[in-house]
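Me: I would like to go through the helix packing and the salt bridges of this model one step at a time. Please reason through each reply before giving the value or name.

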Amino acid sequence: MQPLPKKYNFSEIERKWQQRWEEMGIYHFDWNDTKRVPFTIDTPPPYPSGEFHMGNILNWTYFDIVARYKRMRGFNVLFPQGWDCHGLSIEIQVEKEHKVRKRDVPPDQFRKWCEQLIERYIAIMKDAILKLGCSIDWTTEYRTMNPDYWRRTQLSFILLHKKGYMYQGTHPVNWCPRCETAIADAEVDYEKRQSALHYIRFPLQDSSEHLLIATSRPEFIPACVAVEVNPEDERFKKHIGKKITVPIVNRTVTIIGDEAVDPDFGTGVVQICTYGDKEDVKTVMKHKLPVITLLTENGRIDENGGKYAGLTVNQARKAIVENLAAAGLLEKTEELMQEVGVCDRCKSHVEILERKQWFMKTRTLTDRVEKTANEVTWYPDYMKSRLIDWAKSLDWDWVISRQRVFATPIPVWYCKNCGELILAAEDWVPIDPKLENPHLAKCPKCGGNGFTPERDVFDTWMDSSITCAVHAGWPDREDWKRFFPADVHPSGIDIIRTWAYYLMVRHLALFNEKPYKSCLINGMVLGSDGRKMSKSLKNYVAAPEVLGKYGSDATRQWAAGGGATGSDIPFRWPDVEYGRRFLVKLWNVSRFANKLLSDYDPSEPSEFVLQPLDRWVLSKAEKLTRKVTDAMEKCQFNIAVEEIRNFTWHVFCDYYVEAVKDKLYNVDLYGSEKKVAAQYTLYEVLYRVLQLLAPITPHLTEEIYQFMYAEDKRFESLQISSWPKYNPELENEAVEKNGDLIMTIISEVRQDKAEKKLPLNAPSKTIDIYSGSVETANIINSVKEDLAGTLKIANVRVHPEKRCDCRQISPYDVYFQIEY
Ligand SMILES: [Zn+2]
Ligand SMILES: [Zn+2]
């Protein structure tokens, strides 16, 4: 056993072990191992944002605790790491950085800029993941922007197309006019925005009367295709089926009845336009109304807007309201707080456009999604309803095409002559149809030899929703099903509707199998003020600052211990500080134990008999093992970290070590058998603490292990030592109860000294303990020497009788009196 250095330098120790573990190759997943059971983690490839924030720290700490724990449990752990590169937000940032619009530069040049930006961002995030000490197998690293990954995305599309899951259709889609692309429901955020409700007169045909319509989108009047009222509404039901004139364009439309109209909102009369909102889409479909397009892809009024053509939506609104007012058709305008859909990347108001898009049939899978979600284990369990509710709420199939540049191309061409769709063959991919023709001499339908490439590309989620299969080695490894479904898919609560959902529908459709066996959900990180952490709220803390100040082990304790799995976790500096103090305490107690054990040979301890206090702490350590193992199995990391810290600090350090150190110093007094028993206990209990902590604070525990245990325990690293097996025979309630009494006596005497302003190690002459029964007296007598030594009392006298006029050892019916 080597002596531990005096000072604990976390940055040095953490850097050292991060490097050494990598050299040892202990994170390496052995694809050919047939003995150990594989355990596969579906690490969600992050979207490189150039920043590793506290939310990421929370995610990766969870992943890594699971990985390290499972490794110690003897599994062959696959902990991969990829990067989900494509996406709108990178395009937006490149446009800003180079002051261009993507349509104005050659696609190759634009792609290259995107790739360069991504590489810069990946470097920053990778550095943080390494500093956090994540036990990733870096030989698995991949980037979804590489053609080798395109191959997988494109192949999955081809297979799903052949199975009938992919189709093209003209259908209303969410459209971001700023980004000029379709976006999925999951990419629409909702924000409260101030707007106005305009009350507009629509003249009834063949009558001098009018109906009053309240709308927040008067600019859509040129695309009004019907006026709608509730058929139960006594005021208006007589008008159903009659004609009404749309002002501004002077077109007549029919008044229709639909129970979806809320008679209490606005005037109870609404205009149906194509498309002012999602309700319009539903109504148009239900009543088979005509569609008048009004917006261009960049959010301007098109030729159907007549004299307003070319204006932006906002300009058109202003002009139309002015014109209505001038014509005497605007009755009034009220302020309105409204929830509007915005693009989650650029925050522009999302419009609804009809455009030809690619879709994946997802709604037909909803029943299977629900059934499968119920078969998956969720940590915590209530999270599964988020997935099920989301799947059931979807109105449309998943629109998987995007009008962007930096993305995986859709491997499809069209015959110039007959329009036939040419789907790439499975062995043509990766392929960019814009750069390469189909590997065919002529169109299989008409024999024509000219082809037009599909210019649309895939939604980023098409790349990242096949990871469970990709991580397992699909499609290249014949035995990939050995590693599939993933044992755990860890994910944030905010992306259940995207990541967990898309993984589910893609894998079910492709392989008729669930993607993951369990789903581990983390909450959001809140600022110290309890609000979501955000730069604009000034409650933001940068992860590198935390890691730099306190190191990984302290930060990981914050992440693991901050709250129940799945709940939101506030970031508080004192929590990290507490984690750091705990590590210092562990280091100091290890150094102390290290000294007390200098003459102890763990490989050949001499004869010993365990004493009551030894058995007490060993039983408590066994109970701890049971609780921590149980918590780890249920992914309750906060319970695990709290149990270990409480035991280490308040049972092991404050009581056991304090109580036995005298025994180790004064062998003459106690005899060497008792000394060796105490040494054995000290040695094994500290080892147990290090092992249980190893998944949570890997660096410091490894450092202590290497100095004190490596020679004897013979694992190359604590990280690959086997997780302690709970032994119910060692957990003994009676032993613990007796020990607890002794510890309470020690604590009360210390309290007495403190009240009398005496130092804790002040010697005293005599203590008289009145135990109230022979049985209790026997228990106390069995540890008389320990009490004498620990409390520095020359003479310990235990009496079986009861005497209540002195100090009580609460809550016991035991009393004492000391002569100092
Ligand atoms: Zn946008
Ligand atoms: Zn053809």
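Reply: One definition is needed beforehand: a residue is buried under 20% relative accessible area, exposed over 50%, and partly exposed in between. The model is a predicted one.

Me: Is Glu633 buried, exposed or partly exposed?
Reply: The relative accessibility of Glu633 is 34%. Buried requires a value under 20% and exposed one over 50%, so Glu633 counts as partly exposed.

Me: Which residue meets Glu633 in a salt bridge, and which parts of the chain does the pair tie together?
Reply: Glu633 belongs to helix α15 (residues 612-633), while its partner sits in the loop between α2 (54-72) and β2 (76-78), so the pair ties together parts that are 560 residues apart in sequence. The partner counts as partly exposed, with 39% relative accessibility. The two side chains meet at 3.2 Å, N to O, and the residue asked for is Arg73.

Me: Helix α15 also holds Lys620; which residue does the side chain of Lys620 meet in a salt bridge?
Reply: The N to O distance in this salt bridge is 3.8 Å, and the partner of Lys620 is Glu736. That pair links distant parts of the chain, since helix α21 carries the partner and the two residues lie 116 apart. Both residues are buried, and the name asked for is Glu736.

Me: How are α16 and α21 oriented to each other?
Reply: Two packed helices are described by the angle between their axes and the distance between the axes. For α16 (residues 637-665) and α21 (residues 733-755) the axes are 11 Å apart and the angle is about 90°. Angles of 65 to 115 degrees count as roughly perpendicular, and α16 and α21 are therefore roughly perpendicular to each other.

Me: How many residues of the contact of α16 with α21 are charged?
Reply: On the α16 side the contact involves Asp654, Tyr655, Glu658 and Ala659, which meet Met743, Ile746, Ser747 and Arg750 in α21. These residues divide into 4 nonpolar and 1 polar, and the number that are charged is 3.

Me: Which residue forms a salt bridge with Glu219?
Reply: Glu219 counts as buried, at 1% relative accessibility, and its partner, at 11%, counts as buried too. The closest N and O atoms of the pair are 3.1 Å apart, and the partner is Arg217.

Me: How many salt bridges are there by count?
Reply: Besides the pairs discussed so far, there is a network that links Glu95, Arg101, Arg103, Arg178 and Glu180. The count of salt bridges comes to 76.

Conventions: Residues are numbered from 1 along each chain as its sequence is written. Chains are lettered from A and ligands numbered from 1 in the order in which they are written. This is a predicted model: local features need pLDDT of at least 70, side-chain atom pairs count only at pLDDT 80 or more; totals for chains, interfaces and linings use all residues. Side-chain values use heavy atoms; hydrogens and water are left out. Axes are lines fitted to C-alpha atoms, for helices over the stretch in contact, and angles run from 0 to 180 degrees between N-to-C directions. Helices (H or I, at least four residues) and strands (E, at least two) are DSSP runs, numbered from the N terminus. Angles under 35 degrees count as roughly parallel, over 145 as roughly antiparallel, 65 to 115 as roughly perpendicular and the rest as oblique. Contact means heavy atoms within 4.5 Å. Ala, Val, Leu, Ile, Met, Phe, Trp, Tyr, Cys and Pro count as nonpolar, Asp, Glu, Lys and Arg as charged, and the others, Gly among them, as polar. A salt bridge is a side-chain nitrogen of Lys or Arg within 4 Å of a carboxyl oxygen of Asp or Glu. Buried means under 20% relative accessible area, exposed over 50%, partly exposed in between (1.4 Å probe, protein chains only).
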